[in-house]
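Please read the following points with the model open beside you, and look up each residue as it is named. The note begins with charged side chains and then turns to a pair of helices.

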Amino acid sequence: MRDLARRIETATPPDRDRAVDALRAIAILGVVLGHWLVTALVADSGTLRTASPLLYQPGLTPVSWAFQTLAVFFLVGGQMGAKSQADARARGIGYRRWLRARLARLFRPVAAVLAVWAVATGAILGSGGSLPTVHTLLKLVLSPLWFLLVYAVLTAATPLVARLHPLWPLAVVLHVDLIRFGFGGPAWLGWINLAAGWLVPYCLGATWGRGLLRGRTAGWVLLIGGAVVTAGLVLFGGYPAAMVGVPGAPISNLNPPTLAAVTFGLTQCGAALLLRGPLRRVLARPAAWAVVALVNLSAMTVFLWHQTAMMAVSVTTLRLYGPLPGLHTVPDGPGWVLARLCWLPVFAGALLICWAAFHGYEAGRPRKGGGGVVRRGGGAVRGGSRVVREGRSVRAARHVEKPSV
């Protein structure tokens, strides 16, 4: 492992901002752990249904604050998108070629997930599984795809929104919520916020990518201002405190995003900007940087398969041993939480198996001769990007592949 860390360190360009990669890894892992902690598959009369401990134990609400990290992902996505698009334009790379390269790694692993679950659905139904159970499982698998679709749309619109001030989409979210909740407007109007809400951190990231937001002032303003506004919306505006959807709750802060979710996201963005310096110091250590680099190379695989890993463990153990605490029981007490924490390493092991089987779809087919396309700021140059994926010699490699998402 030390040798692999040394190789990755040697292959990393000195001007690479490692904090960006770290923030992206934190965002992905936060979503994964959040889903594993607040999603329960309860065995009920021969079927499986979803339940949330947040509904039964409101005291766990701060868990949603720690692990609902999508705003950080959109912040980093906007930063990387703006930088790569500007670099591609400077290199004479056209928009279509740039966009195709950006989206290829995003959607290659999606095809593998859909293909596997098409077969799995047939197998479950053929073995006597009920339609409600299949519906529950497919909903958990497919629900993360909305996030990828929104991200893809914002990526395609990068040339248009790269210079858009974040206050404009924030104003859209404000007015949509005002009409919905203040004047009794139609519920469907809230889906405008699906694009406008996540456009706020994406535009903020694009501002960062243009070389602004270098100081710590912007981070503190976002952190403190966002926290104060979010607290006011929850305490006096009637918004729920949980920053994820809770089954049975009258209002969800996430589906679609509300003003409280957006201001909370700005709080997280402020914290992310303030963490840049400490993260760079930590990632100067080869071992720490190697972990972040490897996570980023398989970020979409981890994101797309983490729910499958949890469900595979849940369904398999249910068939073999029957309902087990923390896995198939109603999440209505501290005992469930302690049992669920014990299941997390099992979920991680199942996810590791999924990664071993499917991470190649994210990386794409290696080119003959061991070379690959190394994306650096959106431009494509020849090199040995497989050094990080396979730990091979870096004699001919001088760049680590920068994730194109």
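1. In this predicted model, Asp 3, Arg 6 and Arg 7 are joined to one another in a network of salt bridges. Such an arrangement can be understood from a simple principle, namely that side chains of opposite charge can pair when their charged atoms come close.

2. Looking at the network pair by pair, you will find that the side chains of Asp 3 and Arg 6 form a salt bridge with an N to O distance of 2.6 Å, while the side chains of Arg 7 and Asp 3 form a salt bridge at 2.7 Å, again N to O.

3. The positions along the chain help to explain this picture: Asp 3 and Arg 6 are about one helical turn apart, because they are 3 residues apart in helix α1, which covers residues 2-11. Arg 7 and Asp 3 also both belong to helix α1, where a spacing of 4 residues again corresponds to about one turn of the helix.

4. Are these three residues buried or exposed? Asp 3 has a relative accessibility of 34% and so counts as partly exposed, Arg 6 is placed in the partly exposed class by its value of 47%, and Arg 7, at 24%, is likewise partly exposed.

5. The structure holds 8 salt bridges, and one of them that deserves a separate look links the side chains of Arg 49 and Asp 44, with 3.3 Å from N to O. Arg 49 counts as partly exposed at 30% relative accessibility, and Asp 44, whose relative accessible area is 33%, is partly exposed too.

6. For the helices, it is useful to recall that two packed helices are described by the angle between their axes and the distance between the axes. Here the axes of helix α11 (residues 193-209) and helix α13 (residues 259-274) come within 9 Å and cross at roughly 25°. Because angles under 35 degrees count as roughly parallel, α11 is described as roughly parallel to α13, and the crossing in which α11 passes α13 is right-handed.

7. Which residues of α11 and α13 meet? From α11 come Gly 197, Val 200, Pro 201, Leu 204 and Trp 208, and they meet Val 262, Leu 266, Cys 269 and Leu 273 from α13. Sorted by character, the residues of this contact between α11 and α13 comprise 8 nonpolar, 1 polar and no charged.

Methods
Residues are numbered from 1 along each chain as its sequence is written. This is a predicted model: local features need pLDDT of at least 70, side-chain atom pairs count only at pLDDT 80 or more; totals for chains, interfaces and linings use all residues. Side-chain values use heavy atoms; hydrogens and water are left out. Axes are lines fitted to C-alpha atoms, for helices over the stretch in contact, and angles run from 0 to 180 degrees between N-to-C directions. Helices (H or I, at least four residues) and strands (E, at least two) are DSSP runs, numbered from the N terminus. Angles under 35 degrees count as roughly parallel, over 145 as roughly antiparallel, 65 to 115 as roughly perpendicular and the rest as oblique. A crossing is left-handed if the near helix is turned anticlockwise from the far one by less than a right angle, and right-handed if clockwise. Contact means heavy atoms within 4.5 Å. Ala, Val, Leu, Ile, Met, Phe, Trp, Tyr, Cys and Pro count as nonpolar, Asp, Glu, Lys and Arg as charged, and the others, Gly among them, as polar. A salt bridge is a side-chain nitrogen of Lys or Arg within 4 Å of a carboxyl oxygen of Asp or Glu. Buried means under 20% relative accessible area, exposed over 50%, partly exposed in between (1.4 Å probe, protein chains only).
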